[in-house]
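This report describes how a protein meets DNA and how its own elements are arranged. Please keep the sequence and the model at hand while reading.

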2 protein chains.
Amino acid sequence: MIDLEGPDPLYLQLAAVLRERIASGAYQPNRPIASVAELQEEFGLARGTILKSIDVLKSEKLVRAVPGRGTFVTPSA
Amino acid sequence: MIDLEGPDPLYLQLAAVLRERIASGAYQPNRPIASVAELQEEFGLARGTILKSIDVLKSEKLVRAVPGRGTFVTPSA
DNA sequence: GCCCATTTGTACGTATGTATG
DNA sequence: GCATACATACGTACAAATGGG
């Protein structure tokens, strides 16, 4: 799902994947998405890259991060 | 102007300083603000921290970055 | 209240890529 | 080709919040 050779930045590719998971219901409203550590494992990307992806989703108000708990899907988004 | 010991994140403190420079006219519309390298020199912060500050300003549409040229103050902002 | 595991946040440094002139 | 400047990505370390025991 992530094309390391492709022209698009990895953090934007990952943001697109996560956005799709929210849209499809794979990640549900008011439930946490995978943790940063889990996403690192799954995609083999650096922590900073994962965080930057999530920053994109936060700026789109698709998710809301809570330190110590997780990153939650915004309801009705 | 930047309080290394203070509670506020350095990138937010720097964003506030730059926002003030724009508001005061120290950085003028359609003119470039200081380069990342110059800001690193002036504030003694890491490059990544400077970039994150500027990301904040970009998200506020106060500036627009152009690779190879600089980061420009948005007119009428 | 205290420790501990989990999780997000911040900051550093470095290297490489890409766009402009 | 070259210099300048922003962009992406990696790795690392520590800080801060949360929740459970």
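## Rings and charges

A search of the whole structure, which is a predicted model, finds 0 aromatic pairs over all chains. Rings do take part in another kind of arrangement, however, since A:Lys52 lies over the face of A:Tyr11, at 4.7 Å from the ring centre. In chain B, the charged end of B:Lys52 sits over the ring of B:Tyr11, 4.7 Å from the centre of that ring. Residues of both these pairs return below, where the DNA strands are described.

Side chains of opposite charge can pair when their charged atoms come close. The count of salt bridges over all chains comes to 6, and one of them is formed by the side chains of A:Lys58 and A:Asp55, with 3.3 Å from N to O. These two residues are 3 residues apart in helix α3 of chain A, so that about one helical turn separates A:Lys58 from A:Asp55.

## The surface near DNA strand C

DNA strand C is surrounded by 22 residues, and the closest are A:Val36, A:Arg47, B:Leu10, B:Thr49 and B:Arg69. Of the atoms of DNA strand C that come within 4 Å of the protein, sugar and phosphate account for 70%. The surface near this strand has 11 nonpolar, 6 polar and 5 charged residues.

Which elements supply at least two residues each of the surface near DNA strand C? From chain A they are α3 (47-59), β1 (63-66) and β2 (70-73), and from chain B they are α1 (10-24) and α3 (47-59). The element that gives the most is α3(A), with 3 residues.

Three of the polar contacts to DNA strand C show how bases and phosphates are approached. The side chain of A:Arg47 places an N or O atom 2.8 Å from a base nitrogen of the strand. A polar backbone atom of B:Leu10 lies 2.2 Å from a phosphate oxygen, whereas for B:Lys52 an N or O atom of the side chain is 3.5 Å from a phosphate oxygen. B:Lys52 thus appears here as well as over the ring of B:Tyr11.

## The surface near DNA strand D

Around DNA strand D there are 22 residues, the closest of which are A:Leu10, A:Thr49, A:Arg69, B:Val36 and B:Arg47. Sugar or phosphate makes up 76% of the atoms of DNA strand D within 4 Å of the protein, and the rest belong to bases. By class, the residues of this surface are 11 nonpolar, 6 polar and 5 charged.

In chain A, a polar side-chain atom of A:Tyr11, the residue whose ring lies under A:Lys52, is found 3.1 Å from a phosphate oxygen of DNA strand D. A:Ala46 approaches a phosphate oxygen of the strand through a backbone N or O atom, likewise at 3.1 Å. From chain B, an N or O atom in the side chain of B:Arg47 is 3.0 Å from a base nitrogen of DNA strand D. Two or more residues of the surface near this strand come from each of α1 (10-24) and α3 of chain A, and from each of α3, β1 (63-66) and β2 (70-73) of chain B. Here α3(B) gives the most, with 3 residues.

## Strands and hairpins

The strands β1 and β2 already named above are described for each chain in the following table.

| Strand pair | Bridges and direction | Opposite residues |
|---|---|---|
| β1(A) and β2(A) | 4 bridges, antiparallel | A:Val63 and A:Val73 |
| β1(B) and β2(B) | 4 bridges, antiparallel | B:Arg64 and B:Phe72 |

In chain A, β1(A) and β2(A) form a hairpin with 3 residues between them, and A:Gly68 in the turn has a positive phi of about 85°. The hairpin of β1(B) and β2(B) also has 3 residues between the strands, and there B:Gly68 takes a positive phi near 85°.

## Positive phi outside glycine

Where in chain B do B:Asn30 and B:Lys61 lie? B:Asn30 belongs to the loop between α1 and α2 (36-43) of chain B, and its phi is near 65°, a positive value in a residue other than glycine. B:Lys61 is found in the loop between α3 and β1 of chain B, and the phi of B:Lys61, near 60°, is likewise a positive value in a residue other than glycine.

Technical notes. Residues are numbered from 1 along each chain as its sequence is written. Chains are lettered from A and ligands numbered from 1 in the order in which they are written. This is a predicted model: local features need pLDDT of at least 70, side-chain atom pairs count only at pLDDT 80 or more; totals for chains, interfaces and linings use all residues. Side-chain values use heavy atoms; hydrogens and water are left out. A residue is near a molecule or strand if one of its heavy atoms lies within 4 Å of it. A polar contact is a pair of N or O atoms within 3.5 Å; within protein, one must be able to donate a hydrogen and the other to accept it, and residues adjacent in sequence count only if both atoms are side-chain atoms. Ala, Val, Leu, Ile, Met, Phe, Trp, Tyr, Cys and Pro count as nonpolar, Asp, Glu, Lys and Arg as charged, and the others, Gly among them, as polar. Rings of Phe, Tyr and Trp (its six-membered ring) pair if their centres lie within 6.5 Å; planes under 30 degrees apart count as stacked, over 60 as edge-to-face and the rest as tilted. A charge sits over a ring if NZ of Lys or CZ of Arg is within 6 Å of the ring centre and within 35 degrees of the ring normal. Two strands pair if DSSP finds at least two bridges between them. A salt bridge is a side-chain nitrogen of Lys or Arg within 4 Å of a carboxyl oxygen of Asp or Glu.
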